[in-house]
Amino acid sequence: MFVKYVKSHVVKGVVYTIICLYTLESNLKQHLRVHTGEKPHVCEICKKSCSQRGGLHHHMLIHTGEKFHVCKICKKSFNQKGNLNNHMLIHTEEKPHMCEVCKMSFSLKCNLTKHLLLHTGKKPHVCEVCKKSFRQKGHLNGHLLTHTGEKPHVCDVCNKSFSLRSALNKHMLIHTGEKPHVCEICNKPFNRKHHLKRHMIIHTGEKICI
């Protein structure tokens, strides 16, 4: 009886109208959360909340470690399709986002946004402790460790710890013996860039500020 009722109304277009109204109402409720800030879908693990159920599903992949989206070229996997799309630009070497000031191009729009701060001089990320400002949030996060004293990056060889990963990378050159900074005149290598700058005085006779 129910199937017959539905079928007869589909022919007349009544059921189609009802479905559409329900769908629009559902979409409207989701859209209104943009304005209200309501986030009813909460992660049971870290308590992060999302406005959409789909957003919560994407977030859960961080905890489960599942990566369904695989690059067909290098087989690297990602938990979100958008991240895979961004990764594919590495293989295609496509750089669609161009700086209007210096014409330098980038594969990702976020990298162009960061680059533009070099031209504008803006440093929107400010340390609440000492008010020092930074162009990138990652640089601010690294700076904050100087106030907390936290040193999460530990050398696997000698167990010396560092607040910044970049500092650990420089330290590792001591153990590996690698000297990536090479003098273009005499080909003498150095493990520190400022050591190379000091060395250049021998050739130029000019004192360089380090």
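**His199, helix 4 and the cysteines**

Tutor: In this predicted model, the side chain of His199 makes a polar contact with that of His203 at 3.1 Å; such a contact is a pair of N or O atoms within 3.5 Å, where within protein one must be able to donate a hydrogen and the other to accept it, and residues adjacent in sequence count only if both atoms are side-chain atoms. Residues are numbered from 1 along each chain as its sequence is written. Local features need pLDDT of at least 70, side-chain atom pairs count only at pLDDT 80 or more, totals for chains, interfaces and linings use all residues, and side-chain values use heavy atoms, leaving out hydrogens and water.

Student: Is His199 buried or exposed?

Tutor: Buried means under 20% relative accessible area, exposed over 50%, and partly exposed in between (1.4 Å probe, protein chains only). His199 has a relative accessibility of 8%, so this residue counts as buried.

Student: Why is Cys127 not bonded to Cys130?

Tutor: A disulfide is a pair of cysteine sulfur atoms within 2.5 Å. Cys130 has the closest cysteine sulfur to that of Cys127, but the gap is too far for a bond, because it is 3.7 Å.

Student: How many disulfides does the structure hold, then?

Tutor: Cys46 is in no disulfide either, with the nearest cysteine sulfur, that of Cys43, 3.8 Å away. For the structure, the count of disulfides is zero.

Student: Which residues of His199's surroundings does it touch, leaving out those up to four places away in sequence?

Tutor: Contact means heavy atoms within 4.5 Å. With residues up to four places away in sequence not counted, His199 touches Cys183, Cys186, Lys188 and Phe190.
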